[in-house]
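Here's a quick tour for anyone about to load this structure into a viewer. The stops are a strand and its neighbours, then some charged side chains.

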Amino acid sequence: MSIYLKNIIRFVFILLIQVLILNKITLQWWSQPTGFPVFIPYIYPLFILLLPFETPVAAMLLIGFVCGLSVDAFMNTAGMHAFATILIAYFRINVLNALLPKNISDYSGQTPSVTNMGWIPFVIYVSFLIVMHHATFFTIELWSLSNIGYLLLKILASSATAVLFVLAYVLLFTNQRGSERQRIV
Amino acid sequence: MRNFILFIRRFSNLLLFLLLEVICIVLIGRTNTMQGNDIMSSANYTLASMYEQRDDMAYYFALRRMNDSLMNENLRLRQQLTAYRQVDTLTDSTGKVVTYNKDSQRVVKYADYVYHSAKVINNTVGAVNNFITINRGEADGVKKDMAVVSASGAVGRIIHTSKHYASAISILSKKQQVSARLKDGTVGHVIWKGQRPDELTMRDVPEQIKVKKGDSVFTTEFSFFPPDVLIGVIYKIETVKSKNLKILHLRTATNFRRIQYVYVVENKMAEERLQLEAQNK
C-alpha cells in the first residue's frame with residue numbers, strides 16, 4: 001500500500017474515532033460534590049505524530065492545518081484545534097531530533113513507531129507533543145488564567161487519558177512481526 | 001532584493017508556520033464575536049448527516065428513557081391544561097368549559113410563539129462553549145437566534161443554520177448569558193462557569209431577597225427565550241458578606257448529557273421588537 005493511501009486512511013479512521021466516539025464520551029473523574037470537570041481526550045494529533053520521518057515541515061504544517069480545521073468543523077470551534085495542531089506539526093521535528101539516537105535522514109521511508117524508536121523515547125515523544133497540544137488548546141478555549149488550577153487539571157487529565165488511548169492504538173495497530181522483518185532487512 | 005529572497009528561503013517554514021497561525025487566530029476571532037463563519041459549523045450538511053447516522057445507531061438504546069421523558073412531559077402538559085379548564089363544579093350543572101373571553105379583566109396576550117420539534121443529533125457538554133446540532137433547518141422555518149427549549153427546560157439559541165440542519169449554542173457556554181427571574185420577580189443573569197454540565201450560577205442577587213433551596217429560576221421576556229421556561233433549581237446559596245450579595249447555584253432543569261428531543265421556539269414578534277429596539281440605539 002502506498003504511503004499516501006495509508007496515511008489518508010489513517011487520517012479518516014482517527015478522525016472518525018475522535019468525532020463519533022471520543023467526543024461523545026465526556027469523561028469525569030470522581031463524583032460530586034468536589035467533582036472534577038468533564039473533559040474530552042483528543043487523540044487526533046496522533047495522525048500528525050505518525051507521519052513519515054522525512055515529511056517536509058512545510059507539508060506537515062499544511063496537513064496539520066487541514067487536520068485541525070476538519071476537527072474544528074465538527075466541534076464548532078473554528079481555528080482552535082487548527083492552532084494547536086499546527087504548533088505540534090512545527091515542533092515535531094525538533095522533538096524527534098532530540099530523541100532519536102541517529103540522524104533523521106537515516107530513517108528514510110519509515111514512520112515513528114515503537115519498533116524503530118524504542119518504547120521510552122516513543123512514549124516521551126507522544127506525551128510531550130500531546131501535552132503541548134492539549135495545553136495550547138485548552139488555554140485558547142478557556143481564554144483566561146483566572147482559574148488556573150482548573151485549567152491545569154483539565155490539561156493534565158485530558159492529556160494523560162489521550163496518551164493512554166494513543167498507546168492502546170499503537171499497540172493494536174502496530175504489526176509487530178512486519179516491523180521486525182523490516183528492521184532485519 | 002537578493003537578501004530578501006534568501007531570507008524568505010531560509011525562514012520559509014517559520015513564515016508558513018506564522019502565516020497559518022495567524023489565519024487560525026483570525027478564524028477564532030471571527031467565531032468569538034458570535035457572528036460565526038457558517039462553513040465551519042456542524043450545521044454543515046456533510047458533517048451533520050454524519051452525526052445523524054451516528055445518532056441513528058444509538059437511537060434504540062435510548063428509547064426507554066425517551067418514553068419516560070415523554071410520559072413526564074404529557075403529565076405536565078395535562079396538569080397545565082386542567083388549569084385552563086377549571087370548572088366550578090358546585091354551581092355549574094352542565095360542566096361546560098368556562099371561557100374568559102367576556103371577562104373585562106382579561107389580559108391581552110398575543111400568541112407569539114410557535115414551536116417546532118427537532119431531534120438532537122449531536123451535543124457536547126465537555127467544552128467551554130457547547131453546541132447542539134439538530135435535524136431541522138431553514139427548510140423547516142428555523143432561523144438564527146431562535147430559542148431552543150427541551151421538555152424540561154431551557155437549552156440554548158440557534159446560531160448556524162443550513163437547509164436541513166441547525167446548530168445551537170447551549171446555555172452551557174461562557175459566551176452565553178441568560179436573563180433569569182426568581183419566583184418573586186427579581187431579575188438577574190444566569191451564567192455557566194464552564195466546569196460541570198449540570199451546574200449554573202446566578203450571581204449578584206441582592207442579599208435581602210429571600211430564596212430557599214429548591215426554588216425555581218425561570219427565563220424572562222428580556223432574552224430570546226419565551227418567558228417562564230424553567231432554567232434550573234437552586235441547590236446551594238452562598239452569601240458574599242462584603243458585597244451584600246448572594247450567589248445562587250442552580251441545577252439545570254435540562255439534563256444536557258441525555259438531551260434527545262428539543263423544541264425550536266419561533267417568536268413571531270421578534271422581528272418587530274428588534275426593529276423597535278434598534279431605533280433606540
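What follows covers strand pairing and then salt bridges in chain B. Keep in mind that this is a predicted model.

**The strand in the middle of the story**

Let's begin with strand β5 of chain B, which spans residues 166-173. Of its 8 residues, 8 are buried, so the rest of the structure largely encloses this strand.

Which strands pair with β5(B)? One is β2 of chain B, residues 129-134, which runs antiparallel to β5(B) and is joined to it by 5 bridges. To find the register, look at T133(B), whose bridge partner in β5(B) is S167(B).

Another is β4 of chain B, residues 154-161, also antiparallel to β5(B) and joined to it by 5 bridges. Here I158(B) has A168(B) as its bridge partner. β4(B) and β5(B) make up a hairpin, with 4 residues between them.

**Charged pairs**

Over all chains, the structure holds 6 salt bridges. Three examples from chain B are in the table.

| Salt bridge | N to O distance |
|---|---|
| K119(B) and D55(B) | 3.0 Å |
| D56(B) and K119(B) | 3.7 Å |
| D228(B) and R181(B) | 2.3 Å |

Take the D228(B) and R181(B) pair. This salt bridge links distant parts of the chain, 47 residues apart: D228(B) sits in the loop between β9 (216-219) and β10 (230-240), while R181(B) belongs to strand β6, residues 178-181. D228(B) has a relative accessible area of 48%, so it counts as partly exposed. R181(B) is at 21% relative accessibility and therefore also counts as partly exposed; the cut-off for buried is under 20%.

What do D55(B), D56(B) and K119(B) form together? Salt bridges with shared partners join these residues into one network.

Back to the pairs inside that network, starting with the salt bridge between K119(B) and D55(B), at 3.0 Å from N to O. This pair ties together distant parts of the chain, with K119(B) in strand β1 (residues 113-123) and D55(B) in helix α3 (residues 45-59), 64 residues apart. Are these partners buried or exposed? Both K119(B) and D55(B) are buried.

The side chains of D56(B) and K119(B) also meet in a salt bridge, at 3.7 Å. Again the link is between distant parts of the chain, from helix α3 to strand β1, 63 residues apart. D56(B) is at 42% relative accessibility, so it counts as partly exposed. K119(B) is at 12%, which means it counts as buried.

Methods
Residues numbered from 1 in each chain as written. Chains lettered and ligands numbered in written order. Predicted model: local features only at pLDDT ≥ 70, side-chain atom pairs only at ≥ 80, totals over all residues. Heavy atoms only, no water. Buried < 20%, exposed > 50% of the residue type's maximum accessible area, 1.4 Å probe, protein only. Helix = DSSP H or I, 4+ residues; strand = E, 2+ residues; numbered from the N terminus. Pairing = 2+ DSSP bridges. Salt bridge = Lys/Arg side-chain N within 4 Å of Asp/Glu carboxyl O.
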